[in-house]
Amino acid sequence: MTLPYYEDPGPGHGALPARAWFRSDAPCIDLTGTWRFHLSDTVAGAPDGCWAPDFDDSGWLDLPVPSSWPMHGHGRPAYTNVVYPFPVEPPHVPTDNPTGDHRRRFTVPANWANVPAVLRFDGVDSCARVWLNGHELGVTRGSRLPAEFDVTGVLRPGAENVLAVRVHQWSSGSYLEDQDMWWLPGIFREVTLLARPAGGVPDLFVHAGYDHRIGTGTLRVDTTADATLTVPDLGLVDAAVNTEHVLGGVRPWTPETPDLYDAVVATATERVRVRIGFRTVAIVDGVLTANGQRIQFRGVNRHEFHPDLGRVVPPETVRAELELMKRHNVNAIRTSHYPPHPLLLDLCDEMGFWVVDECDLETHGFQWFDWRGNPCDDPAWRDALVDRMRRMVERDKNHPCVVMWSLGNEAGVGTNHGAMAQYARERDPDRPLHYEGDRDCRWTDVYSLMYPPVDEVARIGRREEAPTSDPGLDARRRAMPLILCEYAHAMGNGPGGLADYQRVFEQYERCQGGFVWEWLDHGIRQRTSDGREFFAYGGDFGEELHDGNFVVDGLVFPDRTPSPGLTEFAKVVEPVRIEAGPDGSGTLRVTNRYDHRELDHLRFTWVLEEEGHAVADGELPVPQLPPGGHADLDLPQLPRTSGETWLTVRAVLVGDWPWAQAGHVVAWGQLPVRPAPLPSDAWPSGSRPRHGTGGGPGTDRGTVGGGGGGGGVMLGPAVFDPARGTLVELFGLPVDGPRLDVWRAVTDNDCGSRRGVRFAEQWRELGLHRMHHRLVALTYADDAVVVRTRVAAAQQQVGLLVTYRWTADADAVGLQVAVAPDGDWPPVPLPRLGLRMAVPADLDTVDWYGPGPGEAYPDSRCAARVGRWSATVDELQTPYVYPQENGNRVDARWLRLTDRSGTGLLVTGHPVVDFTARRWTSEQLDAARHTTDLVPGDRIHLNLDLGQTGLGSGSCGPEVAERYRLPVAPARFAVTVRPAG
Ligand code: IPT
């Protein structure tokens with residue numbers, strides 16, 4: 001039985017050979033806009049003959065094109081990561097196959113008569129059958145790839161034309177497009193009618209190299225057209241095509257210096273504009289280089305997604321997100337996991353990014369079957385796969401930003417990969433090939449890994465990795481550069497550990513950086529019935545199979561506001577390092593970590609801050625430094641200070657750039673100038689404990705067992721509940737607590753997955769989220785209240801013995817806490833160790849001195865700098881799409897919580913304290929599934945912590961490294977509390 005066209009494993013039919021996407025002066029007609037649309041549940045149920053020009057579509061709906069139709073209320077989005085949402089029986093697809101018929105009428109000027117023309121689709125998900133004026137043009141698959149159909153002779157110039165496009169959600173192509181993202185059918189990129197004048201430029205291939213040894217550019221434009229080449233800025237006028245031109249005085253293209261030259265390739269009938277960037281990419285002695293210099297990827301994986309529009313990303317959004325990347329020191333993009341909208345590459349040429357351009361190929365669901373049946377190893381699919389590679393390479397070959405071709409993602413490895421690689425190599429020998437799935441690097445030029453732990457990266461850096469499974473290939477792979485095509489899983493709160501990777505990338509020449517997974521949370525914007533906005537994820541649309549919030553794992557939120565992970569990334573990868581010079585030298589070291597440029601676009605400013613107050617500032621002269629070079633500079637003349645003092649040096653842009661204005665901070669460093677003096681004020685003491693009721697004199701000495709007492713016990717400004725040993729009042733404010741707290745609302749990275757370490761599960765087994773506090777004793781000393789408790793969970797023998805020693809004077813309360821593990825604890829870290837206390841809801845302004853302004857955790861705190869900060873309690877929250885622990889501030893010297901009148905509490909750490917403050921409890925945060933589940937209560941819950949365990953990358957990568965884990969071990973910490981103001 002022959003297969004219906006949408007199940008045919010081949011590449012489709014009727015389309016023209018692939019070619020470059022370029023701008024020409026030939027006329028074109030943009031066919032985006034409002035189309036007519038009809039959705040059917042099955043292919044057979046779709047309206048027969050609706051491609052006929054005179055078909056009556058008056059009963060159809062309007063739909064914008066481009067669009068992902070489920071985002072417009074037709075059907076629903078569905079999310080799966082690895083699994084196919086249909087039975088795996090390639091190339092068959094379900095009978096229930098949403099089929100969208102699209103129709104568009106348009107007129108073509110009469111002067112198009114006798115002009116050849118093509119109809120171009122830049123992206124249709126997943127299979128389209130196309131008719132113009134009732135005439136079938138063909139069938140295309142390969143959702144993120146262009147398809148062009150010849151419409152010469154079918155088009156009616158000077159008259160109305162009717163274009164009909166039938167789009168099937170499921171097709172044989174769906175087996176090749178199992179990327180970790182929403183399933184979203186539709187014509188999601190532009191549709192354009194292009195005049196292709198006879199004697200015009202059918203295609204062209206720009207080869208623009210740069211010889212760094214002699215500083216010349218080489219330029220050859222290949223085309224079959226009878227054309228000339230003009231590059232005004234290089235003095236080339238009507239020069240020959242298909243000929244190499246050697247050009248002196250060329251400025252090379254790099255992401256740091258994205259110099260482009262406007263060029264025109266002209267025939268008698270067409271002028272094509274291209275922008276040329278001269279650069280040579282080569283692997284030299286096992287190192288990936290551009291223009292002779294080792295390069296480093298400070299990259300992100302970028303999917304194309306918009307929270308309201310699905311796969312349609314408006315151009316202004318794309319530009320804004322690239323600007324945001326530039327401002328955060330991102331220098332590379334892997335177009336995970338398909339070729340991007342062509343505009344992206346134009347902008348990457350212009351703004352400066354390395355791009356790993358990835359083919360639209362993923363068959364991840366076959367991993368479940370040990371890759372049995374994988375299309376990548378089945379000759380029936382070979383043409384489709386090579387066709388996908390060809391369409392990507394041909395479309396994008398003229399972009400200097402494209403540094404490597406990638407054969408796809410998570411598609412096992414098979415002979416069809418070899419055929420794809422062969423195509424790319426023959427057509428474009430100047431770009432290396434990437435494919436992580438080819439572990440032995442049979443077909444590729446770089447060794448690529450996902451989510452290896454740092455020590456494994458270092459081992460590979462030393463070329464000490466385990467051999468390949470094919471010993472014949474081992475020597476070859478061992479001589480390749482290493483790229484982490486994915487690392488640092490930015491799901492929820494995280495990733496942690498970025499700085500540790502960066503150190504290894506800098507230490508080992510072979511380790512050339514990587515791409516954080518991933519840039520963007522793919523949440524879909526929704527509203528609750530009462531109108532509150534939230535972002536939906538897998539399962540929110542009633543999917544039968546789904547992978548929940550695994551689709552929400554970016555450095556920016558779905559609306560592209562940065563999350564703290566991006567701020568951390570920007571700091572960790574900054575292209576200038578500013579730090580203390582060698583020990584004891586009293587100098588400041590500035591290192592140029594750009595690959596290709598000096599620092600002439602930056603100026604350096606300094607400010608001296610004493611306890612967060614600026615006391616002096618100035619400019620720091622920094623000599624020109626070559627890439628990789630450093631200078632040890634004398635510190636500026638600094639005034640004497642007495643309090644804790646820091647020198648902050650910033651590298652800021654001298655002039656405006658397309659992505660940031662003059663003054664934008666590219667890099668910064670902070671040097672301690674003077675440590676905090678020892679506290680001059682004595683620890684609060686002297687107050688004698690008193691019983692609050694009865695008004696009698698203080699109890700000299702006594703012990704109250706659990707439940708004893710009755711009435712309050714007072715110590716200076718603190719009033720205790722003697723039954724629990726906690727405070728009920730402090731400086732006249734009603735409070736509840738503090739009590740020992742070891743729980744945090746688990747993060748995605750705490751939950752773990754792939755590597756088997758699941759801290760969240762272990763914590764819940766130990767009952768850390770439901771600890772009981774047994775009062776062992778409440779003792780009054782002369783000048784102290786000592787509370788001893790044992791903290792443990794139901795059906796657990798292990799516990800924590802806690803001693804709270806309270807002292808006070810008239811103005812201050814001091815608390816010293818000692819914690820000792822009791823019993824035989826398993827080797828599991830604690831999520832946090834500290835105190836939790838509820839305070840009145842109106843103490844909602846927080847000022848603090850310490851690292852800030854953003855949240856920080858032990859393995860993600862590079863971006864926090866010491867200063868004086870202020871935020872409301874609401875501003876302290878990070879609204880992770882899937883609610884979880886967030887908002888921690890580390891190492892505060894002090895913090896003040898005040899109400900509008902300035903009344904409140906001042907907490908001082910001895911010497912420092914971590915804190916979080918929120919309007920809900922950790923338990924409520926832990927239970928919430930969407931941000932709208934979090935409802936402010938009538939109190940603020942304040943955590944004052946000795947510390948927390950770090951974040952890690954455990955939701956897909958390595959769990960938090962050992963040294964960032966908080967062990968179950970004896971611990972002590974102390975705070976004092978005073979009235980604010
Ligand atoms: C890896 C995928 O390549 C990527 O698309 C994404 O799913 C990521 O994981 C997790 O968010 S594959 C995984 C099995 C390492």
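These legends go with close-up views of a predicted model.

**View 1. The largest cavity and what lines it.**
Start with the empty space inside: the structure holds six cavities of 30 Å³ or more. The largest cavity comes in at about 220 Å³. Its lining takes in 15 residues, and those closest to the centre are E256, K326, N329, P575 and Y594. Sorted by class, the lining of the largest cavity is a mix of eight nonpolar, three polar and four charged residues.

**View 2. The second largest cavity, with its strands.**
Here the volume of the second largest cavity is about 70 Å³. Around it you'll find L727, L730, P738, W806, V813, G814, L815, L835, M837, L944, V975 and V977. Four elements give two or more residues each to this lining: strand 50 (726-730), strand 55 (813-822), strand 56 (832-840) and strand 62 (971-979). Strand 55 gives the most, with three residues. As for chemistry, the lining of the second largest cavity has eleven nonpolar residues and one polar residue, and no charged ones.

**View 3. Strand 10 between its two partners, strand 11 and strand 13.**
Strand 10 covers residues 127-132, and five of its six residues are buried, leaving the strand mostly covered. One partner is strand 13 (residues 160-168), which pairs with strand 10 in the antiparallel sense over six bridges. To find your place in that pairing, look for L132, which stands opposite L163 in strand 13. The other partner is strand 11 (residues 135-141), also antiparallel to strand 10 and joined to it by six bridges. A handy landmark for this pairing is R129, which sits opposite V139 in strand 11. Strand 10 and strand 11 form a hairpin with two residues between the strands, and in this hairpin N133 takes a positive phi near 50 degrees.

**View 4. An open sheet of three strands, 17-18-21.**
Strands 17, 18 and 21 make an open sheet in that order, with antiparallel pairing. At the edges are strand 17 (205-211) and strand 21 (245-247), each pairing on one side only. From one strand to the next, the twist averages 20 degrees. Which strand is joined to strand 17 by seven bridges? That is strand 18 (residues 216-222), and the two run antiparallel. Within that pair, A208 stands opposite L219 in strand 18.

**View 5. Another open sheet of three strands, 39-40-43.**
This open sheet of three strands has the order 39-40-43, and the pairing is antiparallel. Strand 39 (576-580) and strand 43 (630-634) are the edge strands, each with a single partner strand, so one side of each has no neighbour in the sheet. Ignoring direction, neighbouring strands of this sheet are turned by 20 degrees against each other on average. Strand 39 is antiparallel to strand 40 (residues 587-592), and five bridges join the two. Zoom in on that pairing and you can pick out E579, whose bridge partner in strand 40 is R589.

**View 6. Helix 8 and its buried residues.**
Helix 8 runs over residues 564-572 and is mostly covered, with seven of its nine residues buried. The buried ones are G565, L566, E568, F569, A570, K571 and V572.

**View 7. Cysteines without a disulfide.**
How many disulfides does the structure hold? The count is zero. Why is there no bond between C348 and C401? The sulfur of C401 is the closest cysteine sulfur to that of C348, but the two are 5.0 Å apart, which is too far for a bond. For a disulfide, the two cysteine sulfur atoms have to be within 2.5 Å. C348 has 0% relative accessibility, so this cysteine counts as buried. C485 is in no disulfide either, and the nearest cysteine sulfur, that of C956, is 11 Å away. C485 is buried too, with a relative accessible area of 1%.

Notes
Residues are numbered from 1 along each chain as its sequence is written. This is a predicted model: local features need pLDDT of at least 70, side-chain atom pairs count only at pLDDT 80 or more; totals for chains, interfaces and linings use all residues. Side-chain values use heavy atoms; hydrogens and water are left out. On a 1 Å grid over the protein atoms alone, a cavity is a set of points where a 1.4 Å probe fits but cannot get out, and a pocket is an open set with protein on both sides within 12 Å along at least five of seven lines; lining residues have an atom within 4 Å of a point. Grid points are joined across faces, edges and corners, and a volume is the space filled by probe spheres set on the points. Ala, Val, Leu, Ile, Met, Phe, Trp, Tyr, Cys and Pro count as nonpolar, Asp, Glu, Lys and Arg as charged, and the others, Gly among them, as polar. Buried means under 20% relative accessible area, exposed over 50%, partly exposed in between (1.4 Å probe, protein chains only). Two strands pair if DSSP finds at least two bridges between them. Axes are lines fitted to C-alpha atoms, for helices over the stretch in contact, and angles run from 0 to 180 degrees between N-to-C directions.
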